[in-house]
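Got the viewer open? Let's walk through this one selection at a time, with the cut-offs spelled out along the way.

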Amino acid sequence: MKTLKFDHDLAQLILEGKKNSTWRLYDDKNLSVDDEIRIVDKVKTDMSDTWQVIGHAKVNEVVEKRLGDVTTEDMKGHELFNSDEEMLAKYRSYYGERVTLDTPVKIIYFDFTPVTGEIPTGAMLLEEAKLYTDGGSRGNPGESACAYAI
């Protein structure tokens, strides 16, 4: 199951039924219809020991477009922006200055089911992981081996 982490104010909107979509730029999770997602509330953003699973979601629709082509209709179930500048500032705070109105965005619509008592594991809380690999052989074909470390 994939995991999405939300700042506390956004997680509360999900719990209240006011938010049922998320926008993903540079979608590293490759979200698609029917994906099952664990929703994590980053209660205190800089303190992962306060984070908690608030529920599960199932993706029911994915729309892809340029950020500059997003309409008011696309903002239903999502936080609203009063201007393109406000929207750019928000997403630049997450992704940096590379965000422009030409940046592709995935609008992910989901059905949410709250859960209680599920404890986030270390793997759920990962922000980034690196994979190191190497391999070699004696001849081709010949004896060979490979290894990896995460």
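**Stop 1: the tyrosines of helix H2**

Start by selecting Tyr-95, which is partly exposed at 22% relative accessible area. In this tour, buried means under 20% relative accessible area, exposed means over 50%, and partly exposed is in between (1.4 Å probe, protein chains only). Before going on, a word on provenance: this is a predicted model, where local features need pLDDT of at least 70 and side-chain atom pairs count only at pLDDT 80 or more, while totals for chains, interfaces and linings use all residues. Residues are numbered from 1 along each chain as its sequence is written, and side-chain values use heavy atoms, with hydrogens and water left out.

Now add Tyr-91. Both Tyr-91 and Tyr-95 lie in helix H2, four residues apart, about one turn of the helix. Helices (H or I, at least four residues) and strands (E, at least two) are DSSP runs, numbered from the N terminus. Is Tyr-91 buried or exposed? Tyr-91 counts as buried, at 2% relative accessibility.

Next, bring in Tyr-94, which is partly exposed at 38%. The rings of Tyr-94 and Tyr-95 have centres 6.3 Å apart and planes at 80°, so this pair is edge-to-face. The rule for rings of Phe, Tyr and Trp (its six-membered ring) is that they pair if their centres lie within 6.5 Å; planes under 30 degrees apart count as stacked, over 60 as edge-to-face and the rest as tilted.

By that rule there are seven aromatic pairs. Another of them is Tyr-91 with Tyr-95: ring centres 6.5 Å apart and planes at 15°, so the pair is stacked. To see the wider cluster, select Trp-23, Tyr-26, Phe-81, Tyr-91, Tyr-94 and Tyr-95, which ring pairs link together.

**Stop 2: arginines over rings**

Keep Tyr-26 on screen and add Arg-98, which lies over the face of Tyr-26 at 3.7 Å from the ring centre. A charge sits over a ring if NZ of Lys or CZ of Arg is within 6 Å of the ring centre and within 35 degrees of the ring normal. Then jump to Arg-24: its charged end sits over the ring of Phe-6, 5.5 Å from the centre.

**Stop 3: salt bridges**

How many salt bridges does a search of the whole structure find? The search finds twelve, a salt bridge being a side-chain nitrogen of Lys or Arg within 4 Å of a carboxyl oxygen of Asp or Glu.

Select Glu-97 and Arg-92, whose side chains meet in a salt bridge at 3.9 Å, N to O. Glu-97 is exposed at 63%, whereas Arg-92 is partly exposed at 28%. Elsewhere, salt bridges that share partners join Arg-66, Asp-69 and Asp-102 into one network.

Zoom in on that network. Arg-66 bridges to Asp-69 with the closest N and O atoms 3.0 Å apart, and to Asp-102 with a closest N and O separation of 1.9 Å. The Asp-102 and Arg-66 pair links distant parts of the chain, 36 residues apart: Asp-102 is in the loop between helix H2 (84–95) and strand S5 (104–114), Arg-66 in strand S4 (residues 52–66). Asp-102 is exposed at 53%.

**Stop 4: a nonpolar patch**

Finish with Leu-131, in the loop between helix H3 (122–125) and strand S6 (132–139). Leu-131 is exposed, at 55% relative accessible area. Add Tyr-148 and Ile-150 to complete a nonpolar surface patch with about 420 Å² of accessible area together. Patches are made of residues with over 30% relative accessible area and no salt bridge: like charges are joined within 9 Å, nonpolar side chains (Val, Leu, Ile, Met, Phe, Trp, Tyr) within 5 Å. Accessible areas come from the Shrake-Rupley method with a 1.4 Å probe; for residues, only the protein chains shown count as cover.
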